[in-house]
Amino acid sequence: MFDRETDPASADRGIIHADERVDDLQLAGLRIIQKETGFRFGMDAVLLADFARVEARDRVADFGTGTGILPLLLAGRGLGAHFDAFEIQLDMADMAKRSVALNGLMERITVHHLPVEEADSVCPPGTLDAIVCNPPYGVPGTTLLNPAQTLSTARHQTAAGLTAWFRMAYRLLRGKGRFHMIYPAPRMLEAMTALSAAHLEPKRFRLIYPSASKAANLVLIEGMKDAKPMLHPEPPLIVYEQDGRMTAELKRIYHIMD
């Protein structure tokens, strides 16, 4: 499983600060620094990393990287030649930078303490192949937590703020470049309409259901720069069986063998 705590004695105490821990991502030997009592990545990041179409040669950006989980997961899968990760919160950006250093990935992942709205100050327009984005949508009951995670975090993103991110994505992507996001399912139309208005035409989507008996609470969406309208729904992703066990599809995403 992801998010397994390592032996504290083995952690590099010169990199780890107070109230932090190192978690084993169970992927290519990678680890991540996270808060003991603060925000830690959830299942939504893992699902987005599985959904995103990123090639090994791609230059990729992560809008709102948090602790850097998405670049780490994608790099651990051998995807993406270089990542520019943007984070407005100084403490989160600092943790992400230290996680990158902890894994020796400084040449592949660059963390910028910058708002997404200023991403073009470091990424020239039209140079990115793909963007991943797990925006702070802040809707109660919509965030899927890692099975080992018990702490929930309030996260908020206004419609105007999301539109600004879409406009920046359009500016930075190459022609037919791909934008991938995860968002609350009840607000799927809002997101797709805003993507289309920014000329990032929605092309693929996958609804996420906590279980087969519950309504979808999240959706994975891919938009493509300057593409023609044509939406391709993917099979639904059901997270848990009725008895609470992980579904076979979720085990595949987490690389869990029965």
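**Helices and cores**

Helix 2 is followed by glycine 78, a residue whose phi is positive, near 80°. This model is predicted, and helix 2 offers a convenient place to begin reading it. The helix runs over residues 69-76, and because 8 of its 8 residues are buried, it is largely enclosed by the rest of the structure. Its buried residues are Ile69, Leu70, Pro71, Leu72, Leu73, Leu74, Ala75 and Gly76.

Helix 2 is also among the elements that cover the buried residues of helix 3, together with strand 2 (20-24), strand 3 (31-35) and strand 6 (109-112). The residues of helix 3 that lie buried are Met92, Ala93, Met95, Ala96, Arg98, Ser99, Val100 and Leu102. At 1.5 Å a residue, the 13 residues of helix 3 (residues 90-102) should span 18 Å, and this agrees with its end C-alpha atoms, which are 18 Å apart. Just after this helix comes glycine 104, with a positive phi of about 65°.

From the helices we can turn to the nonpolar cores. In soluble globular proteins, nonpolar side chains tend to be buried together. Here the largest nonpolar core holds 73 residues, and those with the most contacts inside it are Leu25, Phe63, Phe166, Phe179 and Met181. Helix 1 (residues 43-51) supplies the largest share of this core, 7 residues. Leaving aside residues up to four places away in sequence, phenylalanine 166 touches Phe179, Met181, Ala191, Ala194, Leu195, Ala198 and Leu200. A second core, separate from the largest one, has 7 residues, including Ile16, Ile33, Met92 and Met95; of these, Met92 and Met95 are also among the buried residues of helix 3.

Technical notes:
Residues are numbered from 1 along each chain as its sequence is written. This is a predicted model: local features need pLDDT of at least 70, side-chain atom pairs count only at pLDDT 80 or more; totals for chains, interfaces and linings use all residues. Side-chain values use heavy atoms; hydrogens and water are left out. A nonpolar core is a set of buried Ala, Val, Leu, Ile, Met, Phe, Trp, Tyr and Cys residues joined through side-chain atoms within 4.5 Å. Buried means under 20% relative accessible area, exposed over 50%, partly exposed in between (1.4 Å probe, protein chains only). Helices (H or I, at least four residues) and strands (E, at least two) are DSSP runs, numbered from the N terminus. Contact means heavy atoms within 4.5 Å. The expected span of a helix is 1.5 Å times one less than its number of residues.
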